[in-house]
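Below are some notes for a colleague who has not looked at this model before. They follow one strand and its partners, then turn to the domains.

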Amino acid sequence: MSTVMSRRKKTEPYVRLTQPLVRDAGVLRPATWDEALDRAAEGFRRNVAQHGPDAFGMFSCARATNEMNYMAQKFTRAVIGTNNVDSCNRTCHAPSVAGLAKVFGSGGGTSSYQEIEDADLIILWGSNAREAHPIFFQHVLKAVNKGAKLYVVDPRLTSTGKWAHRWLRLNVGTDIPLAHAIAREIIASGLTNTSFVERATEGFEEFVKAVEPWTLPVAELETGVPAELIRELAHAYAKADRGQLSWTLGITEHHNGTDNVLSLINLSLLTGQVGRYGAGLNPLRGQNNVQGGGDMGAIPDRLPGFQDVTDPAVTAKFNAAWGSNIRAQKGWNLTQMLEAMERGDLTTVYIIGENPVQSEADCEHTVKRLSNLDHVVVQDIFLTKTAQLAHVVLPAAAAWCETDGTFTNSERRVQRVRKALTPPEGARDDIEIMSEIAVRLGAGWEHKTGEDVWDELRSLSPLHTGMSYRRLEELGGIQWPCPREDSLEPSFLHARLWENDPVKRGMPATFSPVPHSPPVDELTEEFPFRLTTGRRLDSYNTGVQSAGFESPLRKGETLDLCPQDAAVLGVVDGEEVKITSRRGQIQAPVRIDDGLTPGLVFMTFHFPDEIDVNVITIEATCPIAGTAEYKAAAIRIDKLPVKVG
Amino acid sequence: MTIVEIGLPKRLVELTLDGESVRVPEGATILDACTAVGKSIPTLCYGDTLKPANACRVCMVEVEGSRTLVPSCSRKVEPGMVVRTESERTRHSRKLVLELLGSATDLSTTPHVDEWMSACGADPSRFGPDAETKLQPTTVDNPLYVRDYGKCIMCYKCVDACGDQWQNSFAISVAGRGFDARISTEFATPLPESACVYCGNCIEVCPTGALSFKREHDKRQDGTWDESKQSQTTTICTFCGVGCNLTLHVQDNEIVKVTSPHESTVTHGNLCIKGRFGWQHVQNR
């Protein structure tokens with residue numbers, strides 16, 4: 001076991017990068033833009049020449065604009081010639097995209113915020129929306145205040161759960177048994193929406209067999225949720241006029257995240273709670289443009305507009321437009337790229353606005369992998385921990401306030417991003433930097449504005465064709481799909497499933513008889529506590545941005561546990577303890593939280609410079625989507641010896 | 001299958017507004033009708049995202065057949081209604097209401113109030129210095145908000161925004177009765193000990209500047225707040241995937257304040273602490 005001790009230290013807020021840096025003799029030193037761009041391009045050329053285009057990887061940025069993401073994947077595919085492009089959507093909602101795309105053909109949430117307000121039953125599963133998506137939760141509360149019923153499924157009693165009519169406290173990693181038990185109860189009670197199932201779905205018989213073992217008593221034993229509550233939720237969801245099922249990372253950040261998502265989608269198929277106004281499935285996205293990054297093709301298996309990269313007709317269309325030679329095969333996702341670094345198959349990487357050194361599970365491992373590379377280029381607004389490992393660092397403009405473009409939100413709404421500030425002297429626009437490198441690699445890229453890039457995307461992605469900047473402005477954003485400039489589609493997806501005409505109905509939605517698979521990191525006598533992670537209201541991810549303002553709510557990183565566990569361990573609120581997992585060891589002060597139950601503890605990941613929680617999380621990843629099991633580590637907690645003197 | 005209530009198409013109602021015939025959809029208020037024809041009515045407690053509180057009485061207008069004046073922000077139009085917004089009675093009422101408010105409250109940061117006063121000839125000083133309420137000290141008990149209740153006109157908008165109309169945090173309410181009525185946290189604790197989550201949605205709706213952001217307050221104090229030099233640009237927040245619209249108020253290439261467009265279907269003018277305050281990092285230059 002490799003043990004890394006992280007010590008608590010006071011950190012200063014990050015200051016904007018304004019000077020390119022290059023590494024000489026192991027040290028980063030200031031350089032001119034020309035020198036840095038030459039160095040960046042030369043490293044890519046060297047590695048591609050030596051090892052082929054698949055030695056290159058692009059970490060695109062889920063926080064930058066659609067336009068930047070479009071150009072990043074175009075750079076990867078058309079300039080370098082590989083499909084190795086991905087972004088941090090891999091660490092959060094890739095399973096949602098994979099699951100939704102598998103069943104329905106496109107990987108977006110199916111409803112709109114207004115439909116949440118008009119729903120009469122809302123299930124929030126593995127989601128602390130009150131803190132992580134506060135304005136979405138206002139729409140939920142509108143519904144609740146109008147009389148809608150709210151069910152919250154979560155191992156913790158969160159501030160979201162406190163608003164619920166029913167809180168289903170399940171054991172971490174037992175989402176599939178719970179979903180299956182709900183399905184079985186719906187079927188056994190004759191509440192299946194038979195007409196929908198017969199017309200719009202397939203695989204029902206196999207699904208019935210898969211859920212058959214999950215009777216209410218069996219499920220209660222496995223999940224810890226009382227049978228009566230499972231029954232109530234099953235009946236309420238099946239009978240609701242308009243049922244909404246939303247989830248967040250409590251579902252996706254597991255080693256079988258995609259299966260978890262599929263098990264929830266099953267419930268909507270069984271009851272017909274999808275494809276109608278007010279009924280739907282909604283993953284709540286964690287980054288401003290994690291939806292858009294995928295939509296733009298900054299993922300290894302899809303070109304812009306979710307067009308399949310393995311379909312030769314699709315690649316032919318893009319090759320004609322770009323004068324490129326895209327191979328009709330999937331590239332590596334972020335997880336696979338990290339693995340390829342370790343094997344030495346991936347030797348150079350272009351990282352735009354991502355901080356994998358601090359955001360990946362088991363981060364010490366990530367540092368080692370990045371250190372393996374011949375050439376790392378990081379483009380960011382700050383000298384992050386990842387940038388500190390780079391060979392070339394390029395100072396970028398902040399997408400959301402220093403550039404023009406668009407973001408796409410959780411309800412698939414594309415909205416305009418506008419330049420309000422002039423970037424600091426020395427920082428340059430992401431697309432401009434990328435174009436400079438492309439030109440140095442021999443591509444005939446000309447300078448393009450955000451709108452030019454967007455218009456190019458619109459010409460290639462039917463989902464976006466009808467969304468000119470002018471229309472986005474006039475309508476306050478437009479939800480995809482929007483294939484035509486003179487009309488708008490309904491606010492919800494998959495209405496086709498309700499069509500009478502089988503041709504219009506199209507591909508049936510398939511039930512997924514997924515198996516239960518408990519968390520990889522087993523609880524044992526040595527590691528008896530289940531650690532789960534999440535966000536708090538006033539902080540964001542690795543804290544690089546949110547540490548920039550002073551929040552009266554911020555209490556720093558703590559290990560939250562219930563009063564009973566604190567009593568057993570003999571620790572009090574604020575006392576520093578030693579936390580050990582099979583991967584590493586950290587220290588943190590204890591915080592008592594009545595919302596937790598014995599055996600379950602909680603930490604955030606907002607303060608990695610002080611306490612790096614990802615030293616102890618597990619990198620067991622979902623084989624389909626590549627997302628790591630941040631939500632379920634096994635740890636032990638030790639009281640520190642009393643200092644003498 | 002569900003039956004979605006989409007509502008019936010709205011009929012148009014015809015009324016007479018200052019002698020002119022106007023047609024607006026049924027259910028509209030007199031204020032809506034005025035706005036529709038470009039007629040401006042002073043309002044303070046009215047909020048475009050809130051239910052009418054009918055507290056300030058600045059927007060009162062005359063309706064023929066009504067014994068008393070009516071609040072235009074909440075009174076719905078009726079067919080054949082005859083409304084006068086500039087009659088002597090309306091003007092007199094507006095003048096007195098503004099004088100009473102202005103004599104007891106610091107309206108120095110209330111937008112448009114000077115225009116309204118001069119338009120109706122209001123003179124708040126005519127009640128003499130005795131009419132002034134005791135100045136209350138400005139409360140600065142946290143790094144984000146300032147509460148200056150000497151400017152509060154008790155319009156309840158902050159209470160409604162914090163309560164069940166939007167934020168549902170219920171951190172503030174009206175405490176005390178009669179002359180002692182005031183907006184307060186529970187047991188008048190400092191904000192950091194209250195239920196406040198620093199969304200700033202109360203400040204977004206405050207009509208007088210009684211509630212303000214610390215940055216704005218500080219800049220006003222040191223004389224560097226200059227709205228004539230500020231631009232407003234609407235963009236999108238980056239702290240989660242909900243897609244909240246942020247209007248950045250920028251002065252000298254520095255963000256000095258963040259609001260949200262009230263007509264946005266995502267936010268309806270509301271934000272959370274991160275969207276409202278999480279921008280300093282881009283200008284740590």
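1. In chain A, β15(A) and strand β16 (residues 392-395) run parallel and are joined by 4 bridges. Strands here are DSSP runs of E of at least two residues, numbered from the N terminus, and two strands pair if DSSP finds at least two bridges between them. Within this pair, A:Val378 is opposite A:Val393.

2. This is a predicted model: local features need pLDDT of at least 70, side-chain atom pairs count only at pLDDT 80 or more, and totals for chains, interfaces and linings use all residues. Residues are numbered from 1 along each chain as its sequence is written, with chains lettered from A and ligands numbered from 1 in the order in which they are written.

3. β15(A) also pairs in the parallel sense with strand β14 (residues 348-352) of chain A, over 5 bridges. There A:Tyr350 faces A:Val377.

4. Strand β15 of chain A covers residues 375-380, and 6 of its 6 residues are buried (20 or more other C-beta atoms within 10 Å of the residue's own, with C-beta atoms placed from the backbone). A:His375, A:Val377 and A:Gln379 point one way, while A:Val376, A:Val378 and A:Asp380 point the other way. In a regular strand, side chains alternate between the two faces of the sheet.

5. Chain A is assigned domain 1 (10-71 + 295-305 + 317-479), domain 2 (94-284) and domain 3 (529-639); such bounds come from an automatic or database domain assignment. The C-alpha centres of domains 1 and 2 of chain A are 35 Å apart.

Terms used
A residue is buried if 20 or more other C-beta atoms lie within 10 Å of its own, exposed if 12 or fewer, and partly exposed in between; C-beta atoms are placed from the backbone.
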